[in-house]
Amino acid sequence: RYQTELDSSEINLHTPFGDRVTFLAGFRWVELHDAVRVDIATPATFTNWDDNNHMYGGQIGTRIAFTDPRNPLSVTCAIKGGVYYNDADNVFTSTIVPSDSSSDEATAFVGDLNFTAAYQLTSHIAIQGGYQIVRLGNVAIAADSAANTTQIPGGTSSPVDPDSWLWYHGATAACVVTW
């Protein structure tokens, strides 16, 4: 089984440059969890690699509106990029060989491109849908930890390796509340 989960939270300050372009800068927190489990003969006999990336950093970007800001329907594009501190760790567990854990630090990158359409229901509430593409750099993934796991005298070595680059993309939906 292969499982990955990406969570992201951010807070930004926006500075408008005219009616349709906004510069933004802020703080972003990103969590990437990536795990691989291999059942050897039965579910009771397994090996498991569990990698976590805890990323904190700053970002800058721009937001471009393609529609008139006075229109209740808005279509926008935003592009953001930032540098992050990545505290990565790997926990290897197995029922057939000794377990191991490791951690490492890296300077990571997160880039984000999204297209959204929103409809303003009231002066404070809008519904929004869109498509987002996220690029992560210098992150640890379970497949790399699995590939680097070896048996050593006295146990197992399963080092974390935060140097992978990944793409994530998909549809988004939100209820936006502003004040």
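**Close-up 1. Trp49 and Phe92, two buried aromatic residues.** In this predicted model, Trp49 and Phe92 are both buried. They form one of the 2 aromatic pairs that the structure holds. The ring centres of Trp49 and Phe92 lie 5.2 Å apart and the planes meet at 40 degrees, so this pair is tilted. To follow that label, recall that planes under 30 degrees apart would count as stacked and planes over 60 as edge-to-face. Trp49 belongs to strand β3 and Phe92 to strand β4, so the pair ties together parts that are 43 residues apart in sequence.

**Close-up 2. Strands β3 and β4 side by side.** Here we stay with the strands that carry Trp49 and Phe92. Strand β3 covers residues 46-65 and strand β4 covers residues 73-94. The two run antiparallel and are joined by 19 bridges. If you would like a place to start, find Asn53, which stands opposite Ala88 in β4.

**Close-up 3. From β4 on to β5.** Strand β4 also pairs with strand β5, residues 100-120, again in the antiparallel sense. This pairing extends over 20 bridges. A handy landmark is Ala78, whose bridge partner in β5 is Asn114. Between β4 and β5, a hairpin of 5 residues makes the connection.

**Close-up 4. Arg37 over the ring of Phe46.** Take a look at the side chain of Arg37: its charged end sits over the ring of Phe46. The distance from that charged end to the ring centre is 4.0 Å. Arg37 falls within the residue range of strand β2, 21-39, while Phe46 falls within that of strand β3, 46-65.

**Close-up 5. Thr22 and its surroundings.** Thr22 lies in strand β2. Its relative accessibility is 13%, and because buried means under 20%, Thr22 counts as buried. What does Thr22 touch, leaving aside residues up to four places away in sequence? The contacts are His14, Thr15, Pro16 and Phe17, together with Gly61, Thr62 and Arg63. Gly61, Thr62 and Arg63 fall within the range of strand β3, residues 46-65.

**Close-up 6. Cys77 and Cys175, two cysteines in contrasting settings.** Is Cys77 buried or exposed? With a relative accessible area of 12%, Cys77 is buried. Cys175, by contrast, is exposed, with a relative accessible area of 55%. For anyone planning to look for disulfides, a search of the whole structure finds 0.

Methods:
Residues are numbered from 1 along each chain as its sequence is written. This is a predicted model: local features need pLDDT of at least 70, side-chain atom pairs count only at pLDDT 80 or more; totals for chains, interfaces and linings use all residues. Side-chain values use heavy atoms; hydrogens and water are left out. Helices (H or I, at least four residues) and strands (E, at least two) are DSSP runs, numbered from the N terminus. Buried means under 20% relative accessible area, exposed over 50%, partly exposed in between (1.4 Å probe, protein chains only). Contact means heavy atoms within 4.5 Å. Two strands pair if DSSP finds at least two bridges between them. A disulfide is a pair of cysteine sulfur atoms within 2.5 Å. Rings of Phe, Tyr and Trp (its six-membered ring) pair if their centres lie within 6.5 Å; planes under 30 degrees apart count as stacked, over 60 as edge-to-face and the rest as tilted. A charge sits over a ring if NZ of Lys or CZ of Arg is within 6 Å of the ring centre and within 35 degrees of the ring normal.
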